[in-house]
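These are my notes from looking through one structure, residue by residue. I started with a side chain and its contacts and went on from there.

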Amino acid sequence: MGLLDGHRAIVTGGGSGIGRATCMRMAREGAAVAVLDLDGDAAEVVAKEIDGHAFQVDVSQGDELARTVEQAAQAMGGLSVMFNNAGVGSFSALHQYALEEWDRVVRVNLYGVFHGIRAAAPLMLAGGDGRIVNTSSISGTRPAAGEAPYSAAKAGIAALTASAALEYGPVIRVNAVAPGLIRTALTDPMFQGLPDHVDHVVGLTPVGRAGEPEDIADVVVFLCSDLARFLTGQNLVVDGGLTLHTSGVDGIFDRIRTLLPDP
Ligand code: NAP
């Protein structure tokens, strides 16, 4: 028996990285899956592997996404799971952000989730069951310099998730997953171009490695399953412990204990 037996799931950004791994895991757990992506060919490849449905769509376009969600639900015979995961990154100084770039980042990351919830909720309410997960980021809780629209959009997703959970319970549970550093196409330039930075981050991560897409996929499946039946409105950080750092005394114990006699 699978954790998602009988469920009908849509995954945005399902053609790559975290979305792709989640499509695979959801299918293994018994769900019918519709793979939605800006890259229609990538969606096709994933859908073929899991006997699912593929749709090309831009999540920043509300009407287009609503039509596609409707089509996907029709193809699967309903909709009970929605993973609003598509996202894009960007770096620039805050005062130098071109307005179009700021707009693009917020429209894909934040509006994309809003459009996804708006499209999915009526179908789930009509069907009497829904589980929505949105992909935020540790950048939303611990922003870095240079990623203002991304961080703001991801922080917005946490608030949007809480609002949606309040509005749609008890029929629909709504949660967010906030990944740490995960090895995907999005972060590949960092893994390739700044390996010393990756080593630094891994050194700060208690579990001792960077994340893989499957690390997030497993948590998303958990959140969508009945195992998480009493969990809603949360923004769950999945970062191997990376963001536990930065209290004022962080690291001081390692220095003090070198000065102490052995017990
Ligand atoms: P990824 O491998 O680049 O996957 C993202 C997918 O979303 C790509 O297939 C991309 O298509 C698609 N996409 C982009 N814009 C879209 C749009 N407007 N409409 C529909 N699909 C669109 O990256 P990922 O790391 O798996 O990212 C998934 C989510 O995790 C994102 O929301 C990201 O912000 C979040 N996240 C990632 C990390 C990390 O370390 N990787 C950390 C925190 C949060 P194209 O390839 O055609 O652009």
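**Entry 1: Arg-142**

I began with the contacts of Arg-142, leaving aside neighbours within four places in sequence, and found Thr-243, His-245 and Thr-246. I kept in mind that this is a predicted model.

Next I looked for polar contacts made by the side chain. A polar atom of the Arg-142 side chain lies 2.9 Å from the backbone oxygen of Thr-243. The Arg-142 side chain also reaches the backbone oxygen of His-245, at 3.4 Å.

I then placed Arg-142 in the chain: it sits in the loop between α5 and α6, where α6 covers residues 148–168. Is Arg-142 buried, partly exposed or exposed? I noted it as partly exposed, because its relative accessible area is 41%, and the class in between runs from 20% to 50%.

I also looked up one distance. Arg-142 and Gly-87 are 55 residues apart along the chain, and their C-alpha atoms are separated by 18 Å.

**Entry 2: Ser-137 and Ser-151**

I took these two serines together, since each has a side-chain contact with the backbone of Ser-139.

Ser-137 is in the loop between β5 (130–135) and α5 (138–141). Its side chain reaches the backbone nitrogen of Ser-139 at 2.9 Å. I wrote down Ser-137 as buried, because its relative accessibility is 6% and buried means under 20%. Not counting residues up to four places away in sequence, Ser-137 touches Tyr-150, Lys-154, Val-177, Ala-178 and Pro-179.

Ser-151 is in helix α6. Which backbone atom of Ser-139 does the side chain of Ser-151 reach? I found the backbone oxygen, at 3.3 Å. Ser-151 is also buried, because its relative accessible area is 5%. With neighbours within four places in sequence left aside, its contacts are Ser-139, Gly-140, Pro-143 and Ala-144.

**Entry 3: Gly-19**

I moved to helix α1, residues 17–28, which holds Gly-19. I counted Gly-19 as buried, because its relative accessibility is 0%.

What does Gly-19 touch, not counting residues up to four places away in sequence? I listed Val-11, Gly-13, Gly-14 and Asn-85. I also looked up the spacing between Gly-19 and Glu-214: the two are 195 residues apart in sequence, yet 9.5 Å apart in space, C-alpha to C-alpha.

**Entry 4: the ligand**

I looked at what surrounds the ligand and found 28 residues. The nearest of them are Ser-16, Asp-37, Asn-85, Tyr-150 and Thr-184. Two of these names were already in my notes: Asn-85 as a contact of Gly-19, and Tyr-150 as a contact of Ser-137.

I then went through some polar atom pairs. One nitrogen atom of the ligand is 2.8 Å from an N or O atom in the Asp-58 side chain. A ligand nitrogen atom is also 3.4 Å from a polar backbone atom of Val-57. On the oxygen side, I noted an oxygen atom of the ligand 3.2 Å from a polar backbone atom of Gly-180.

**Entry 5: the cavity**

How many cavities of 30 Å³ or more does the structure hold? I found one. The space in the largest cavity is about 40 Å³.

I wrote out its lining: Thr-12, Val-59, Asn-84, Asn-85, Ala-86, Val-108, Asn-109, Gly-112 and Val-113. Asn-85 turns up here again, after its place among the residues nearest the ligand. Helix α4 (residues 99–127) gives the largest share of the lining, with four residues. Sorted by class, the lining has five polar residues, four nonpolar ones and no charged ones.

**Entry 6: two backbone details**

I finished with the backbone. The peptide bond joining Gly-169 and Pro-170 is cis, with omega about 0 degrees. Pro-170 lies in the loop between α6 and β6 (172–179).

Asp-51 is not a glycine, but I found a positive phi of about 55 degrees for it. Asp-51 belongs to the loop between α2 (40–50) and β3 (53–56). Is Asp-51 buried or exposed? I put it down as exposed, because its relative accessible area is 74% and exposed means over 50%.

How values were computed
Residues are numbered from 1 along each chain as its sequence is written. This is a predicted model: local features need pLDDT of at least 70, side-chain atom pairs count only at pLDDT 80 or more; totals for chains, interfaces and linings use all residues. Side-chain values use heavy atoms; hydrogens and water are left out. On a 1 Å grid over the protein atoms alone, a cavity is a set of points where a 1.4 Å probe fits but cannot get out, and a pocket is an open set with protein on both sides within 12 Å along at least five of seven lines; lining residues have an atom within 4 Å of a point. Grid points are joined across faces, edges and corners, and a volume is the space filled by probe spheres set on the points. Helices (H or I, at least four residues) and strands (E, at least two) are DSSP runs, numbered from the N terminus. Ala, Val, Leu, Ile, Met, Phe, Trp, Tyr, Cys and Pro count as nonpolar, Asp, Glu, Lys and Arg as charged, and the others, Gly among them, as polar. Buried means under 20% relative accessible area, exposed over 50%, partly exposed in between (1.4 Å probe, protein chains only). Contact means heavy atoms within 4.5 Å. A residue is near a molecule or strand if one of its heavy atoms lies within 4 Å of it. A polar contact is a pair of N or O atoms within 3.5 Å; within protein, one must be able to donate a hydrogen and the other to accept it, and residues adjacent in sequence count only if both atoms are side-chain atoms.
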